[in-house]
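Student: Before I trust the words people attach to a fold, I would like to see how each word is earned. Could we go through this one slowly, setting the values against the cut-offs?

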Amino acid sequence: MARSKTSLKWLQEHFNDPFVKMAQKDGYRSRASYKLLEIQEKDRLIRPGMSVIDLGAAPGGWSQVTSRLIGGQGTLIASDILEMDSIPDVTFIQGDFTEDAVLAQILDAVGNKEVDLVISDMAPNMSGLPAVDMPRAMFLCELALDLSTRVLKPGGDFLIKIFQGEGFDEFHKSVRQQFDKVQMRKPTSSRDRSREQYLLGRGFRGRSED
């Protein structure tokens, strides 16, 4: 089947992308690595010995960066619906994060310990229809926030991909209620035409004692 003009344009843009070329040169699995590296440079989120959960991890660009930064003494649990080639010292859980069974596997891997940081580069398969895509994207954000409130230690941090649109303001408010500081980041390695941004919650306030 012949490729559409849209797919050919995407391929041309992809292979001409300087961050794609840098990823190939630097040994990263995806250009997304540079988004996290840029946020790390600004915010110093990741430190040696930390415990981290990486949601939407495949093909592993963020996990590669995180694993190198936390070093052998740290803990990294990664999850994605897609397969991901193994990375040393990374526990990978494959499955659909929207399913309770996959959430249970992640919580089981965490065990009785609390984590320092939850990062998420998850996004649904986009249809191009905002009325369909935004609810799907916000649902993933809400699930990631729910997980973070279950596993983060007080003072922990939360970084998530998010899109401007319906549901954004409510989600932003929810994060503000849980964290001391909330900031938005748009890395230069994020394509200009992309509506993605990254929301950063710093200083988890801890679970309320009901």
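**Helix pairs, cores and buried residues**

Tutor: Let us begin with a pair of helices: the axes of α6 and α7 come within 11 Å and cross at roughly 5 degrees. Please keep in mind throughout that this is a predicted model.

Student: Why is α6 called roughly parallel to α7?

Tutor: Angles under 35 degrees count as roughly parallel, and the crossing here is roughly 5 degrees, so α6 is roughly parallel to α7. On the α6 side the contact is made by Met 138, Cys 141, Glu 142, Leu 145 and Thr 149, and on the α7 side by Phe 168, Phe 171, Ser 174, Val 175 and Gln 178.

Student: How do the residues of the contact of α6 with α7 divide?

Tutor: They divide into 6 nonpolar, 3 polar and 1 charged.

Student: What makes α5 roughly parallel to α6?

Tutor: The axes of helix α5, residues 100-110, and helix α6, residues 130-151, come within 12 Å and cross at roughly 25 degrees. The limit for the term is again under 35 degrees, and therefore α5 is roughly parallel to α6. The crossing of these two helices is right-handed, and their contact is made by Leu 103, Ile 106, Leu 107 and Val 110 of α5 together with Leu 147, Arg 150 and Val 151 of α6. Those residues divide into 6 nonpolar, no polar and 1 charged.

Student: Why, then, is α3 described as oblique to α4?

Tutor: The axes of α3 and α4 come within 7 Å and cross at roughly 40 degrees. Roughly parallel requires an angle under 35 degrees, and roughly perpendicular runs from 65 to 115; a crossing of roughly 40 degrees fits neither range, so α3 is oblique to α4. This crossing is right-handed. The contact is made by Ala 32, Ser 33, Lys 35, Leu 36, Leu 37 and Gln 40 of α3 and by Gly 61, Trp 62, Gln 64, Val 65, Thr 66 and Leu 69 of α4, and these residues divide into 6 nonpolar, 5 polar and 1 charged.

Student: Two members of that contact, Lys 35 and Thr 66, interest me. How do you know whether Lys 35 is buried or exposed?

Tutor: Buried means under 20% relative accessible area, and Lys 35 counts as buried because its relative accessibility is 8%. Lys 35 lies in helix α3, residues 32-43, and, not counting residues up to four places away in sequence, touches Trp 62, Pro 187, Ser 189, Ser 190, Glu 196 and Tyr 198. The C-alpha atoms of Lys 35 and Ser 190 are separated by 6.6 Å, although these residues are 155 residues apart along the chain.

Student: And what makes Thr 66 count as buried?

Tutor: Thr 66 has 0% relative accessibility, so Thr 66 counts as buried, the cut-off being under 20%. Its place is in helix α4, residues 61-70, where Thr 66 touches Leu 36, Ile 46, Val 52, Leu 76 and Ile 119, leaving out residues up to four places away in sequence.

Student: Why is Ser 51 counted as buried at 16% relative accessibility?

Tutor: Because the cut-off is under 20%, a value of 16% places Ser 51 among the buried residues. Ser 51 is in strand β1 and, its neighbours within four places in sequence aside, is in contact with Thr 75, Glu 114, Val 115, Asp 116 and Leu 117.

Student: Which residues have the most contacts inside the largest nonpolar core?

Tutor: That core has 33 residues, and those with the most contacts inside it are Ile 53, Leu 55, Phe 158 and Phe 171. Several elements each supply at least two residues of this core, including β1, α5, β4 and α7, while α6 gives the most, with 9 residues. Leaving aside neighbours within four places in sequence, the contacts of Ile 53 include Ile 77, Ile 106, Val 110, Leu 147 and Val 151. Apart from this core lies another, of 24 residues, among them Leu 36, Met 50, Ala 57 and Tyr 198.

Student: Finally, how many helices and strands does the protein have?

Tutor: The protein has 7 helices and 7 strands, and of its 210 residues 48% count as buried. Among contacts between residues at least 6 apart in sequence, 63% join residues at least 24 apart.

Technical notes. Residues numbered from 1 in each chain as written. Predicted model: local features only at pLDDT ≥ 70, side-chain atom pairs only at ≥ 80, totals over all residues. Heavy atoms only, no water. Axes fitted to C-alpha atoms, helices over the stretch in contact; angles between N-to-C directions. Helix = DSSP H or I, 4+ residues; strand = E, 2+ residues; numbered from the N terminus. Parallel < 35°, antiparallel > 145°, perpendicular 65-115°, else oblique. Left-handed = near helix turned anticlockwise from the far one by under 90°. Contact = heavy atoms within 4.5 Å. Nonpolar A, V, L, I, M, F, W, Y, C, P; charged D, E, K, R; others polar. Core = buried A, V, L, I, M, F, W, Y, C linked by side-chain atoms within 4.5 Å. Buried < 20%, exposed > 50% of the residue type's maximum accessible area, 1.4 Å probe, protein only.
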